[in-house]
Amino acid sequence: MELMPKEFFKKPPLELARELLGCELIKETSEGTASGYIVETEAYIGAVDKAAHSYNYKRTKRTEVMFGEAGHAYTYVMHTHCLVNVVAGEVGEPEAILIRAVEPLRGVELMYERRGDKKEKDLTNGPGKLTKALGIMKADYGHPYGKSPLYIADGFTPEHISTGPRVGIDNSGEARNFPWRFWVTGNTFVSR
DNA sequence: GTGGGGATCTACT
DNA sequence: GTAGATCCCCACG
């Protein structure tokens, strides 16, 4: 296993969203280590994207980390769940990649403990599910990947990648049709 | 201090 | 397919 260098994240979001597919996402906690291969992502580009929290360069305490350096974690609490993103692009451009699904790799027992006795494919096939399975939480906000309990490492190279419109952003006008969702073609753990 | 909205999940019909 | 759970953050007064 090899950690992705800082430079890896510093590229346009649509490019990074593709290249994150197949990478390993790792979280260490006091309970142990859990990880999975990233198999589904979505890009959010604040400058032009009505569906992004940072639309029109909206700057709040919450979106602040997206204006900073690529490769940091943007976590966000939604209802009773936590979602995890990777900050992309240049400093000053509020862009991030949402991780929507992973394929369980290490610490599968720990994931069952956290998620309950479910079928394996239900452990991590959604953005709120994978954060619970891996133990990612709001406290991970703003941490750089690779220097904290959060890591992104190389994994496998997907044979085929599919693209399509994003999920769960019905109320965002034109932006809802942007084909900014990427997934590993045929992978069982893709959310839908 | 309060009200409403949101990048979801689960269970039930 | 649809409703309800249930929580943080922002906007407004």
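A residue is called buried if its relative accessible area is under 20%, exposed if over 50%, and partly exposed in between, with a 1.4 Å probe and protein chains only. Helices (H or I, at least four residues) and strands (E, at least two) are DSSP runs, numbered from the N terminus.

The structure is a predicted model, in which local features need pLDDT of at least 70 and side-chain atom pairs count only at pLDDT 80 or more, while totals for chains, interfaces and linings use all residues. Residues are numbered from 1 along each chain as its sequence is written, chains are lettered from A and ligands numbered from 1 in the order in which they are written, and side-chain values use heavy atoms, with hydrogens and water left out.

**Exercise 1. Describe strand β8 and its partners.**

Step 1. Strand β8 covers residues 181-184; Arg181 and Trp183 point one way, Phe182 and Val184 point the other way, and all are buried.

Step 2. Two strands pair if DSSP finds at least two bridges between them. Strand β2 (residues 32-45) pairs with β8 in the antiparallel sense over three bridges, and Glu42 stands opposite Arg181.

Step 3. Strand β7 (residues 161-164) is also paired with β8 in the antiparallel sense, over four bridges. Here Ser162 stands opposite Trp183.

**Exercise 2. Characterise the setting of Arg181.**

Step 1. Arg181 is found in strand β8. Its relative accessible area is 6%, so Arg181 is buried.

Step 2. A polar contact is a pair of N or O atoms within 3.5 Å; within protein, one must be able to donate a hydrogen and the other to accept it, and residues adjacent in sequence count only if both atoms are side-chain atoms. The side chains of Arg181 and Glu40 make such a contact, at 2.7 Å.

**Exercise 3. Analyse the protein surface near DNA strand B.**

Step 1. A residue is near a strand if one of its heavy atoms lies within 4 Å of it. There are 18 residues around DNA strand B, of which His53, Asn85, Arg115, Gly128 and Lys129 come nearest. Of the atoms of DNA strand B within 4 Å of the protein, 54% belong to sugar and phosphate.

Step 2. Phosphate oxygens of DNA strand B lie 2.9 Å from a polar side-chain atom of His53, 2.9 Å from an N or O atom in the side chain of Arg115 and 2.8 Å from a polar backbone atom of Gly128. Two or more residues of this surface are given by each of β3 (73-78), β4 (81-87), β5 (95-106) and α3 (127-134).

Step 3. Ala, Val, Leu, Ile, Met, Phe, Trp, Tyr, Cys and Pro count as nonpolar, Asp, Glu, Lys and Arg as charged, and the others, Gly among them, as polar. The surface divides into eight nonpolar, seven polar and three charged residues.

**Exercise 4. Analyse the protein surface near DNA strand C.**

Step 1. Lys58, Thr60, Lys61, Arg62, His79, Thr80 and Lys138 surround DNA strand C. Sugar and phosphate make up 71% of the atoms of DNA strand C that come within 4 Å of the protein.

Step 2. Phosphate oxygens of DNA strand C are 3.5 Å from a side-chain N or O atom of Thr60 and 3.2 Å from a polar side-chain atom of Lys138. A polar backbone atom of His79 is 3.1 Å from a sugar or linking oxygen of this strand.

Step 3. The residues divide into no nonpolar, three polar and four charged.
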